[in-house]
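User: Please take a close look at the aromatic side chains here. Then carry on to the charged contacts. Keep each criterion explicit.

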Amino acid sequence: YYGMTDQHPVIAPSQTREFDFPRESGNETSSYEGTGGIPLSTPWMRWLFSAQFTDWNITISDAVTPRSRLLFRRRVQERVAALAPFLKFDSDPYLVVADGKLVWIQDAYTAAHTYPYSDPTAYEDSRVLQPVGNDLSETTFGYFNYLRNSVKATVDAYTGETRFYVTDETDPLIRAYRRAFPGLFQSREAIPASLESHLRYPEDLFGAQARKWTRYHVTDPDVFYARSDVWAIPEEQLHGGGGNTLMQPYYVIMRLPGEKSEEFVLILPFKTRNGTTMSGWLVARCDGEHYGKLRLYRFPTNSQIDAPEQVDSLIQSDPDISEQLTLLGQQGANIRFGNLLVLPVSGSLLYVKPFYLEAARTTGGQAAIPVLKRVILAEKRGDAMKVVMRPTFQEALAALVGGSVPERETEREPAPKASEPTAPVGRVAPEVARLADEAAGAFDAAEKAQRGGDWAEYGRQLNRARDALRRLREAAR
């Protein structure tokens with residue numbers, strides 16, 4: 001009932017039951033049982049909101065009952081902005097499951113333009129939203145030079161219940177707002193554990209920091225003044241036929257260099273400003289005690305690690321890939337590339353780029369849903385870049401590393417009928433059974449690592465599965 005799309009007011013429950021989900025025998029229906037919205041229990045309330053929304057059906061419709069409630073401001077960002085218009089909001093609220101409920105988490109910021117000796121950033125150059133809508137004309141100053149993610153707001157997707165949690169008690173602005181509105185904010189300790197584990201470092205703050213870091217990674221005053229070591233954010237191609245756009249930060253689950261376990265992180269690579277090589281890689285950590293910590297990995301100044309633009313060019317110029325892209329893009333379909341992921345794996349960089357086909361228009365005139373057609377992987381081997389494209393990630397990775405794709409579990413044959421005699425089944429040797437279980441476990445672990453984006457672990461588990469299968473063949477002879 002509360003989400004991200006443009007949400008018009010609704011009345012629920014009513015005499016008309018709501019569509020829930022389809023069944024073979026017909027559609028399942030339900031009625032709203034939440035406590036969100038305002039009760040329309042009296043004719044006076046119905047008349048009042050008819051005047052407010054200039055819709056007299058609220059008053060005269062017999063579908064409205066004494067139990068009906070008016071639900072409005074159902075868009076997450078509009079809802080939190082109505083309660084705290086003095087805050088700025090991240091452009092990407094995200095939905096999580098906590099305690100059996102769907103809950104939206106919205107990152108909120110305190111911002112100012114008067115912080116001393118701080119380099120300003122224009123709102124139009126960032127994705128940080130304005131307090132009401134997204135209209136820059138409503139803001140006296142079109143820039144900020146102070147931005148802190150001091151608040152996490154939550155919106156219950158069913159009831160619309162909204163809460164604001166202060167996550168940075170040291171921020172002087174939020175301390176002032178909290179004194180002014182003591183009933184609005186709660187402390188971080190009040191965040192349920194089921195929500196705490198879902199908190200992530202916000203994209204817009206990370207993007208603004210990364211843009212500043214292209215200059216302010218320099219610590220030598222002479223080098224900083226001469227601007228001789230300025231970095232840039234790489235670009236990538238998202239549409240077939242050309243046209244680049246700046247890379248956006250992306251979330252992955254991976255094991256950072258030097259760490260013992262995987263974690264949820266937000267990453268963005270850098271390149272040299274006037275060159276074609278990678279210069280650095282910025283990470284924001286999101287898990288547990290590491291939440292909010294940034295880590296920068298620098299590439300050696302003499303390295304020749306290709307920037308994403310060069311990888312895109314190599315992909316486009318590869319004869320086999322170019323031919324397949326041309327064939328798949330015929331008959332009016334549009335090619336849509338996914339984001340290019342640059343992932344450090346075992347001392348190297350793995351470039352991952354999916355692409356989709358999208359029909360120009362459906363028969364009803366609406367935009368079609370993109371369909372994943374191929375996955376492109378690239379990795380530098382010596383002075384050459386190896387590029388492969390396959391229908392699935394598993395096949396592309398196998399082609400890149402020279403391995404084989406684990407066979408999917410085939411459909412089991414139907415059990416014989418009771419009247420049919422069955423052949424006697426011999427007992428399986430314990431060693432054979434153990435090796436079979438080991439191979440199956442390795443394949444399961446490989447699939448889990450693949451879903452989590454840990455390609456190094458994926459490769460290790462595939463090697464473990466191959467070794468178990470080799471020993472299984474020997475034991476079965």
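Analyst: Rings of Phe, Tyr and Trp (its six-membered ring) pair if their centres lie within 6.5 Å; planes under 30 degrees apart are stacked, over 60 edge-to-face, and the rest tilted. This is a predicted model, in which local features need pLDDT of at least 70 and side-chain atom pairs count only at pLDDT 80 or more, while totals for chains, interfaces and linings use all residues. Numbering runs from 1 along each chain as its sequence is written, and side-chain values use heavy atoms, leaving out hydrogens and water.

Start with the cluster. F86, F164, Y177, F181 and F185 are linked into it by ring pairs. The ring criterion gives 21 aromatic pairs. One of them is Y1 with Y158: the centres are 5.4 Å apart and the planes stand at 80 degrees, so the pair is edge-to-face. These two rings link distant parts of the chain, 157 residues apart. Y1 lies in the segment before β1 (10-12), and Y158 in the loop between β11 (146-156) and β12 (162-166). Strands are DSSP runs of E with at least two residues, helices are runs of H or I with at least four, and both are numbered from the N terminus. Burial is graded by relative accessible area (buried under 20%, exposed over 50%, partly exposed in between; 1.4 Å probe, protein chains only). Y1 is partly exposed at 28%. Y158 is partly exposed at 35%.

Back in the cluster, F164 and F185 have ring centres 6.1 Å apart and planes at 70 degrees, so they too are edge-to-face. F164 sits in strand β12, F185 in strand β13 (residues 185-187), 21 residues apart. Both rings are buried.

Charges also meet rings. The criterion is NZ of Lys or CZ of Arg within 6 Å of the ring centre and within 35 degrees of the ring normal. The charged end of R200 is over the ring of Y94, 3.9 Å from the centre. R215 lies over the face of Y216, with 5.9 Å to the ring centre.

Next, charge against charge. Side chains of opposite charge can pair when their charged atoms come close. A salt bridge here is a side-chain nitrogen of Lys or Arg within 4 Å of a carboxyl oxygen of Asp or Glu. The count is 16 salt bridges.

K152 and D107 form one of them, with the closest N and O atoms 2.4 Å apart. K152 is in strand β11 and D107 in strand β8 (residues 101-112), 45 residues apart. K152 is buried at 2%. D107 is also buried, at 2%.

R188 and E196 meet at 2.8 Å, N to O. R188 is partly exposed at 24%, and E196 is partly exposed at 30%.

R285 and E259 meet at 3.6 Å, N to O. R285 lies in strand β19 (residues 278-285) and E259 in the loop between β17 (250-254) and β18 (263-272), so the bridge ties together parts 26 residues apart in sequence. R285 is buried at 4%, whereas E259 is partly exposed at 26%. Both belong to a salt-bridge network that links E259, E263, R285 and R295.
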